[in-house]
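Here are my notes on the model you sent over. I went through it point by point, so have the structure open while you read.

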Amino acid sequence: MPKVSVPINRFEGGLNNRDAARDINDNFLAEATNVDVSSVGRIRPLGEFKNLSTSITSNVDNHQPGYGLFKINVDGSPEASGTTTTGEHLVYVNGDAEVYIGPTSNALADWRGADLGSVSNCKPVFYYADGGLRISDSELGNASVTSAFQRLVRSANGYASGLDSEEMILIDAGFAGPVNADFEDSDAKDCVAAASGAEDGENPSSDFLVQTLPSGTDGLWPASTYTFGASYVYYGNQESKISTGLTNISADGTITLTDGQFPNISVSIGDGDIKLAQIQGMRIYLRDINNPDDEFTLLLDIDFEQGSRISLADDFDSLVDGSGFDVTNDAKNVNADNRAYAIKQPGLDTYATINGYSSDEKEISFNGNSAYGYKTAVVANQRAFVGNIDYVDSEGRTKVMGDRIQYTPVRKYDLFPQSFYLDIGTNDGDEIVKLAEFRDKLFVYKKDKLFVINIASGSDAGWYVEAELENRGVQSPGAVCKSDLGLVWVNEHGMFSYSEQIQKLSSTIDDTTWQANIEATKTIVGFIPKKNQILVVGNTDDTTPVGYLYDIQTKSIVNINHTHVLEGDKITNFVVYGEELVCLADSGTFKRYDPTPAAQTIDIKTKEIDFKLPSVDKRFYSIYATYINNGNTANIKTGRNGASPSDEFITSGLENVMDSSSLSTEEFILLSSNRDGKSLQIQIDGTANASFELQDLSVILRAKGQR
């Protein structure tokens, strides 16, 4: 048989080390490290992590590997004071639970001195909704405080709108209700009957004055003794629990109505500022103490900007001061009294109908309580979900519940009524690690199992478990990301995705090799938008890490390591910031992945090629390579009959060195003693310049005994 030239010019299948090197498809490689095969007929070096312009000034070398970084998008400045650019901002929390925030144009700075508590191993978990950032320590044994940083427009006086600039307010005191000291003693200050709705009531000297009077003969209230309840309404119409026993409202916190009587009520606001800027209003309720099933019925709804009303269906009556000026248009916090209302019958609004849960809830928020926390959080369908919680159970006992998810009412992203929960795989010996959302589905990743919950229904009664999958959980919260492929995640069994169904993306990687490279508790994964690729780091706590890069378009996977592609440092989790994949290294430097080809230490190995004649002896003469590697040297090697590739080329000069300064085709001639065999494998390894490109290989051979 005469000599023939056999081309090798398809590489886009990427790495396949699961199957025998002789039996993989022609477009696969038996080895592919630090190379990009996303273009058909072309191998180039991968990019590298470079410095991002933003840096942190101090205290960055103690983050817990795989934790600490988050990205928020804001319509206005997220700073505590001053102005910055609208758009994306990085948030970082170090191991000491100190919060840093800033845009790319400035160094990240300690933000208002805000922290979650005095700890040394904080593992922060974040979620962002409705202009507010929530941060909790997922290390539940720490005495950390779940905090919120909420964007609010507040005035200098604390409650009138439109007078001052917008700012982010630190909220770490919980959603407490009023206390008795918030009210001026109303003893002997009952308001007069005001059936006409005329303004009435005295101005208080500070804070609030609630004046009440049982009166009339045509009321429809059942004759009984009623206890007063009061609540604060925080930003986002999030209401506190109801406070009772407020003796400054009445001598014993109650009002007694005889047959036909009804309550008159007026609430006045004093000169003192509202004690917290995030409080937007107050509600006053009555509850029949002789009826254990009675719910708190709304008497008066007060908004510190808009006024007051007796029903949520009514318009507000404006607050007025002693001179008749509307408080919302006045530059100072003047005395403001409310109208006195004659409420002849119980209204339809109760605490339960307003909020969707009973006033008897044992707890409604994680914020500000060092005994409470959660390990993962996500926002989906206008609710926040948190999982693996340290919270109160149905008996009111605080304990860690690894199977439990708490969730909020719609658009109330800080309130988690104790009764709003899901238990997933109860008592299965597993615990929730990560919550993620995709297409109206809640993905609940435990360490072993994955549960998929359909939450498309606006009512939690319509939610249901779609799937329960073994060996599809994760052990690291950073091991899940969103991409153009849908959700992507990594565990010790492989890399998986979900769009319409679950697919395994790492099916060409040998299981043993994969498990050796993946430290499941410290693995992270991130999406590279500019290249439509997925990057996996096997161990964020390793200074010589390895991992994988998956190309969505070609469905190929390659090896990557710390020789230029990955950072030789422990790192945080990944975020996508400025359309780039970003992390923070232990050195204190933010790193971004730049997909532009960079100088790399590469390793390329073709399949073991038998030229579809596995039993036929062959004689191999030379290898032609079309490539460029300007300024660096890589080595070409061959291995016959399954042997490891080595230098088998002629011995004069740089016989197997690939160092062409321009794209050209070069012949590499085999020694006559190294030409016989049934199969041939080609390897190219060593240093590749940023300009390196391999377009094709050709083998010159002759099959023996073929005529």
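1. Let's start with a strand pair. E33 and strand E34 (residues 486-491) run antiparallel and are joined by four bridges. If you want a register check, look at Lys-482, which stands opposite Leu-487 in E34. Keep in mind throughout that this is a predicted model.

2. That pair belongs to an open sheet of four strands, ordered E33-E34-E35-E36, with antiparallel pairing. Strand E33 (480-483) and strand E36 (502-504) stand at the edges; each has a single partner strand, so one side of each is left without a neighbour in the sheet. From one strand to the next, the twist averages 25°.

3. Now the overall picture. The protein chain has two helices and 51 strands. It runs to 707 residues, of which 57% count as buried. Take the contacts between residues at least 6 apart in sequence: 63% of them join residues at least 24 apart.

4. Strand E12 (residues 132-137) is worth a look, as six of its six residues are buried. In a regular strand the side chains alternate between the two faces of the sheet. Here Gly-132, Arg-134 and Ser-136 point one way, while Leu-133, Ile-135 and Asp-137 point the other way, and all are buried. Note that the buried set includes Arg-134 and Asp-137.

5. What does E12 pair with? Strand E11 (residues 124-129) is a partner, antiparallel, over six bridges. Within that pairing, Phe-126 has Ile-135 in E12 as its bridge partner. The hairpin of E11 and E12 has two residues between the strands, and Asp-130 there takes a positive phi near 55°.

6. Two asparagines also have positive phi, so to speak on the non-glycine list: Asn-381 is near 50°, and Asn-427 is at about 55°. Asn-381 is in the loop between strand E25 (373-380) and strand E26 (383-392), and with a relative accessible area of 33% it is partly exposed. Asn-427 is in the loop between strand E28 (421-423) and strand E29 (432-438). At 70% relative accessible area, Asn-427 is exposed.

7. On to the rings. How many aromatic pairs does the structure hold? There are 33 aromatic pairs. One of them is Phe-49 with Phe-574, a stacked pair at 6.0 Å centre to centre with 5° between the planes. This pair links distant parts of the chain, 525 residues apart: Phe-49 is in strand E6 (residues 48-55), and Phe-574 is in the loop between strand E40 (556-561) and strand E41 (575-577). Both Phe-49 and Phe-574 are buried.

8. For another geometry, try Tyr-285 and Phe-296, which pair edge-to-face at 6.4 Å centre to centre and 70° between the planes. Tyr-285 sits in strand E20 (residues 279-288) and Phe-296 in the loop between E20 and E21, so the pair ties together parts eleven residues apart in sequence. Tyr-285 counts as buried at 0% relative accessibility, and Phe-296 is buried too, with a relative accessible area of 5%. Ring pairs also link these two into a cluster with Tyr-351, Tyr-357, Phe-385, Tyr-407, Phe-420 and Trp-463.

9. Thr-297 is in strand E21 (residues 297-303). Buried or exposed? At 9% relative accessibility, Thr-297 counts as buried, the cut-off being under 20%. Leaving aside neighbours within four places in sequence, the contacts of Thr-297 include Tyr-285. The others are Ile-284, Leu-286, Pro-346, Gly-347, Asp-349 and Thr-350.

10. Two charges over rings are worth displaying. The charged end of Lys-3 sits over the ring of Tyr-621, at 4.0 Å from its centre. Arg-404 lies over the face of Tyr-421, 3.7 Å from the ring centre.

11. Last, the cysteines. A disulfide is a covalent bond between the sulfur atoms of two cysteines. How many disulfides does a search of the whole structure find? Zero. Cys-122 counts as buried at 1% relative accessibility, and Cys-481 counts as buried at 10%.

Definitions and conventions:
Residues numbered from 1 in each chain as written. Predicted model: local features only at pLDDT ≥ 70, side-chain atom pairs only at ≥ 80, totals over all residues. Heavy atoms only, no water. Disulfide = S-S within 2.5 Å. Buried < 20%, exposed > 50% of the residue type's maximum accessible area, 1.4 Å probe, protein only. Contact = heavy atoms within 4.5 Å. Phe/Tyr/Trp six-rings, centres within 6.5 Å; stacked < 30°, edge-to-face > 60°. Lys NZ or Arg CZ within 6 Å of the ring centre and 35° of its normal. Pairing = 2+ DSSP bridges. Axes fitted to C-alpha atoms, helices over the stretch in contact; angles between N-to-C directions.
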